[in-house]
Amino acid sequence: MAQTTTTDIITTMEGWFKKAPDLPLNIKQVLVNITPWIALIFGVLGIVAGLGEIGVSPLALFGGIHNSVLVLIAGVLAVIASVFLLLAYPKTKALKAAGWRYLFWSAAISVLATLITGSIIGAIIGGLIKFYLLFQIKSYYK
């Protein structure tokens, strides 16, 4: 039985998104320039929100503590996805391929967390947008 690797998953998905129309080069360049800052900001915000979902954040006091196992799992996944964003910050700033891969896995985990909460349409739309944008800028990271 063949083992699927990270590279196999990314290559397969890249094939799907290659058929999508290309963004103009100036838009791709803007995305590459702001990506590290988006990763940093949403990484920090995501950790705070995710910890709130699992009830270990001061923000949990505002929303009450949820007992749902699915919300707990989604919160843990949100924290993990946010950690990947924070790991991506220095690497995407240096245009390293590892930074792009961190963004990829953050997006994948985020889509999974959205699915777990029952928002299938949100996961599909969010996933399509995230992965489309990621594959549009992938060539900038070496």
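## Exercises on a predicted model

Helix α2 covers residues 25–53 and bends by about 40 degrees at I34. A proline, P36, follows within four residues of the bend. The model is predicted. Work through the exercises with it in view.

### Exercise 1: along helix α2

**Task.** Find which residues of α2 are buried, and what phi G55 takes just after α2.

**Solution.**
Step 1. Use the cut-off: buried means under 20% relative accessible area.
Step 2. List the residues. In α2, the buried ones are K28, L31, V32, T35, P36, A39, G43, G46, G50 and G52.
Step 3. Recall a rule of helices. An α-helix has 3.6 residues a turn, so residues three or four places apart point the same way. Keep this in mind as you look over the list.
Step 4. Move past the end of the helix. Just after α2, G55 has a positive phi of about 85 degrees.

### Exercise 2: the largest pocket

**Task.** State how much space lies in the largest pocket, and which helix gives the most to its lining.

**Solution.**
Step 1. Rolling a probe the size of a water molecule over the atoms shows where empty space is left.
Step 2. Read the volume. The largest pocket holds about 620 Å³ of space.
Step 3. Look at the lining. It has 24 residues, and I38, F42, L85, S106 and K130 are the closest to the pocket's centre.
Step 4. Assign the helices. At least two lining residues come from each of α2, α4 (69–93), α5 (97–116) and α6 (120–137). With nine residues, α2 gives the most.
Step 5. Sort the lining by character: 15 nonpolar, seven polar and two charged.

### Exercise 3: the second largest pocket

**Task.** Name the residues that line the second largest pocket, and say how they divide into nonpolar, polar and charged.

**Solution.**
Step 1. This pocket holds about 160 Å³ of space.
Step 2. Its lining is E14, F17, K18, D22, K28, F135, Q136, K138 and S139.
Step 3. Helices α1 (6–18) and α6 each supply at least two of these residues. The most come from α1, with three.
Step 4. The lining divides into two nonpolar, two polar and five charged residues.

### Exercise 4: the salt bridge

**Task.** How many salt bridges does the structure hold, and which side chains meet there?

**Solution.**
Step 1. Side chains of opposite charge can pair when their charged atoms come close.
Step 2. The structure holds one salt bridge.
Step 3. The side chains of K138 and E14 form it, at 3.5 Å from N to O.
Step 4. This pair links distant parts of the chain. K138 lies in the segment after α6, E14 lies in helix α1, and they are 124 residues apart.
Step 5. K138 counts as partly exposed because its relative accessibility is 23%.

Terms used: Residues numbered from 1 in each chain as written. Predicted model: local features only at pLDDT ≥ 70, side-chain atom pairs only at ≥ 80, totals over all residues. Heavy atoms only, no water. Bend = angle between axes of the 7 residues up to and from the residue. Buried < 20%, exposed > 50% of the residue type's maximum accessible area, 1.4 Å probe, protein only. 1 Å grid on protein atoms, 1.4 Å probe; cavity = no way out; pocket = protein on both sides within 12 Å on 5 of 7 lines; lining within 4 Å. Points joined across faces, edges and corners; volume = space filled by probe spheres on them. Nonpolar A, V, L, I, M, F, W, Y, C, P; charged D, E, K, R; others polar. Salt bridge = Lys/Arg side-chain N within 4 Å of Asp/Glu carboxyl O.
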